[in-house]
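Hi,

Here is the structure I promised to pass on to you. Have a look at it first, and then read on for what turned up.

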Amino acid sequence: MELETPFDQRVRGRLAGFTEVARADEMKAVLQDLERENRELAQFLDKPQRDRYDVVIIGSGPGGGTLAHALRGTGKSILLVERGDFLPQEPANWDTDTVLTRQAYANTEEWLGAQGVPFNPYHYYYVGGLTKLYAATLLRFRAEDFGELRHEDGISPAWPVNYDEMEPYYADAERLYLAHGRTGEDPTEPYRSGPFPYPPAPVPPEVRDLRDRLGRVGLHPFAMPEGIALMSGGRCLYCAFCDSYPCRVLAKGDPELCCIRPALRSPDVSLMRRAKALRLETDATGKEVVAVVVEQDGQRRRIEAGLFVVSAGTVNSPVLLFRSASDRHPHGLANSSRTVGRHYMRHDITVLMAQAPEGHLLPQDHFWKTVGFNDFYFSGGADYPYPLGTVQVIGNYHSWMSNLLPEGFGGSAEERSRTAAKMLPIFNLTEDLPRADNRVELTDDDRIRVTYQANNLKSHTRLVETMTAKLKEAGYGPITAKPLIRVEQGGGYHHCGTVRMGDDPATSALDRHCKAHGLENLYVVDASCFPSASACNPVLTIVANSLRVADHLKTRL
Ligand SMILES: Cc1cc2nc3c(=O)[nH]c(=O)nc-3n(C[C@H](O)[C@H](O)[C@H](O)COP(=O)(O)OP(=O)(O)OC[C@H]3O[C@@H](n4cnc5c(N)ncnc54)[C@H](O)[C@@H]3O)c2cc1C
Ligand code: SF4
C-alpha cells in the first residue's frame, strides 16, 4: 500500500504490513490492555444504590453518556440509568454472520409500522446506545443547517441556536470522541476554531482510486472525519469491521470508551445497568419531576432527584414521556404543544454499489469509510438550486455485501456475492423534512408505533442520479442503487426530531437549553431534540449539544 503521510506510515508500521503474525501479536497486546482496563473498571462499577441523586440521566447513548461525563466533578451525585448492559467483547463482534446476517446484537422489542404491521427495527440497547455499532463518522452540521433552509419539498426549519454558539462545543466534541480528520478540503465545511485533534485515517488504495477518479471529474473529495482510537497509544487496529459491527477491542470513539468509563471513576457518577425507566412522576403542582420508576432485573424501584434528563433515543424518549401521563399532563410530559412524538426524521438513504474499471476483487481487510463528497450538499446545480445531500464511502460488510445489491441484480446468490465483492458501497444521504404526521405513538395496548412516509424524494433521486452519472464518467460500472427509504428497512439509525426544541412553546416541546417548556427540571438531550435533521450524520451534533446543555446545567446545580 502506498503511504501518504507520516501518520499513515506510523499506523502501517504499527500493523507491520498486515502480516498475519504481526496482526496476531498486535491483537494479543491490545486484548491484554483491554483486560487490564476492564479489571480496573470493575472497581468503579455497581456502586451502592441510593434512593435519591442530584441528577438522574435516562439512557447512555451519545446524548446521556456525554452529559454524565460533562457533569462529573461538579460535586453533585449523578445516576445514569440504562436499560441495556455492556455489549460483550468477544470474537463474534467481528463475525459477519452473527452481526449482520443474524443481527444477534439487536435487542429492540418489536415496533409497529403505519399499517400496524410489526417489524424489528434492529436497534441496540447497550451502554453507549446505538453507537456501539456505529460507523464512527463525526461530521459537523454545516453552519447553514442551523438556519432555515429551503428544499424542493419544503422548509427545513431553523434551530433556536446557531452554528457560532455550537462551534466551541463541536471542537470539544471532536477532542472527546477522538475525531481524526483534515480541514480545508470540504467545500461546505463550516468555520472551525482549530484543526482536527488527530490527522485523518489513511485511505486504502481502492478508495484512494475512487477519490482521485471522482476528483478528476470535478468533485471535491474530503477526508471523512472518523472517531477511532488510531492515535498514539490508542487500541484501534484499523480493521475492516468498524461500520455496523461492535469493536472487539473497544477502540471506537463512542460514549462507553470516551465518556462513561472515565466518568465512572468519579465517586459521584453511578451507572445502573439493565434498568428500564418506566415512567416519571411529577409533584402535585405538575411543575417538577420528582421521581423515576425503574425496573431492574424484574424489580421495581422509585428513584428521586432534583433534575431529570431523558436521553433514551428518538423513539424511547417520547415513549417515556407518553407513559408519564397524569391528570396534570394528560398527553404526557412536555407535551402541552402536542408535538411530542411528531416530526420524526431519519434521512433518505440509497446505497450505490460501484465497480472500478479494473473489476478486481476488493481486499477484505481494509477500512473504507475514509472519503466523502459534499459537492451537492446545498445545490443540485443552476437548474436545481435545492440541497441534495452528502455522499460517503461506507464500510466493508464482507459476505453480507450482496444484500446491498438491488433485488434481481447479478443472478444466483453465488454470483451476486462474487459481483458484490468487486464493488465499493457508497452512501447517498438526503435531509428529510420534519412532518407532523411522521410520528411515534403508543397504541391503546401500550405498543410502540412508528408512522413514517419519506419526503424530499425528488432531491434524493436527483442526488442518486447525479452521483451515478459522476461515477460512470469516472469509469465505474456496473453501478447499482438500492434505496433504504422505509423505516421498516432497519433504516431508523439516524432518526431524530420527536421532542423538538424551539423558542415557541406552542410548536415545540423544549426550550433552547433543551428544558421542557412548563417543567422546571426536565431536560431531553438525545437526537429527539433536533428541530431538523440536516444531511449529516448525527452523533457529533448530539455530543456537542449535550456539552452545551451541560454548561447550562452547571449554572443551575
Ligand atoms: C449501524 C449504525 C451505524 C451508524 N453510523 C453512524 C455514524 O457513522 N455517524 C453518526 O453520526 N451516526 C451514526 N449512527 C447513528 C447514531 O448511532 C445515533 O444517531 C445515535 O446513537 C443516537 O444517539 P441518542 O443518544 O439519541 O440515542 P441512542 O444511541 O439510541 O441511545 C439511547 C439509549 O437509551 C437507552 N434506553 C432506551 N429506553 C430506555 C429506558 N426506558 N430506560 C433506560 N434506558 C433506555 C438505550 O438502550 C440506549 O442506550 C449509526 C447507527 C447505527 C445503528
Ligand atoms: S477500525 Fe473500528 S472496529 Fe476496528 S479496531 Fe478500530 S475502532 Fe475497532
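Let me start with a pair of helices: α3 and α7 cross in a left-handed sense. Keep in mind that this is a predicted model. The axes of α3 and α7, the latter spanning residues 255-264, come within 8 Å and cross at roughly 35°. On the α3 side the contact is made by Pro 62, Gly 65, Thr 66, Ala 68 and His 69, and they meet Pro 255, Cys 259, Ile 260, Pro 262 and Ala 263 of α7. Sorted by class, this contact has 7 nonpolar and 3 polar residues, with no charged ones.

Helix α3 also turns up in the surroundings of ligand 1. There, 37 residues form the shell, and the closest are Gly 59, Gly 61, Gly 129, Gly 313 and Asp 526. Four elements give two or more residues each to this shell: α3 (62-71), β11 (275-282), α8 (316-323) and α11 (539-554). By class, the shell around ligand 1 holds 18 nonpolar, 15 polar and 4 charged residues.

From that list, α11 leads to a second helix pair. The axes of α5 (residues 163-176) and α11 come within 8 Å and cross at roughly 115°, so the two helices are roughly perpendicular to each other. Here the crossing is right-handed. In α5, the residues Met 166, Tyr 169, Tyr 170, Asp 172, Ala 173 and Leu 176 take part, and their partners in α11 are Leu 540, Val 543, Ala 544, Leu 547 and Arg 548. The contact of α5 with α11 counts 9 nonpolar and 2 charged residues, and no polar ones.

Now to ligand 2. Its surroundings are made up of Ile 228, Cys 236, Leu 237, Tyr 238, Cys 239, Phe 241, Cys 242, Cys 247, Val 249, Ala 251, Lys 252 and Phe 367. Of the residues in this shell, 11 are nonpolar, 1 is charged and none is polar.

Finally, there is a hairpin to look at. Strands β18 (residues 439-442) and β19 (residues 448-451) run antiparallel and are joined by 4 bridges. Val 440 has Val 450 of β19 opposite it. Between the two strands of the hairpin lie 5 residues, and Asp 446 takes a positive phi near 65°.

If you would like a place to begin, try the crossing of α5 and α11, then move on to the shell around ligand 1.

Best wishes

Definitions and conventions
Residues are numbered from 1 along each chain as its sequence is written. Chains are lettered from A and ligands numbered from 1 in the order in which they are written. This is a predicted model: local features need pLDDT of at least 70, side-chain atom pairs count only at pLDDT 80 or more; totals for chains, interfaces and linings use all residues. A residue is near a molecule or strand if its C-beta atom, placed from the backbone, lies within 6 Å of it. Ala, Val, Leu, Ile, Met, Phe, Trp, Tyr, Cys and Pro count as nonpolar, Asp, Glu, Lys and Arg as charged, and the others, Gly among them, as polar. Axes are lines fitted to C-alpha atoms, for helices over the stretch in contact, and angles run from 0 to 180 degrees between N-to-C directions. Angles under 35 degrees count as roughly parallel, over 145 as roughly antiparallel, 65 to 115 as roughly perpendicular and the rest as oblique. A crossing is left-handed if the near helix is turned anticlockwise from the far one by less than a right angle, and right-handed if clockwise. Two residues are in contact if their C-beta atoms, placed from the backbone, lie within 7 Å. Two strands pair if DSSP finds at least two bridges between them.
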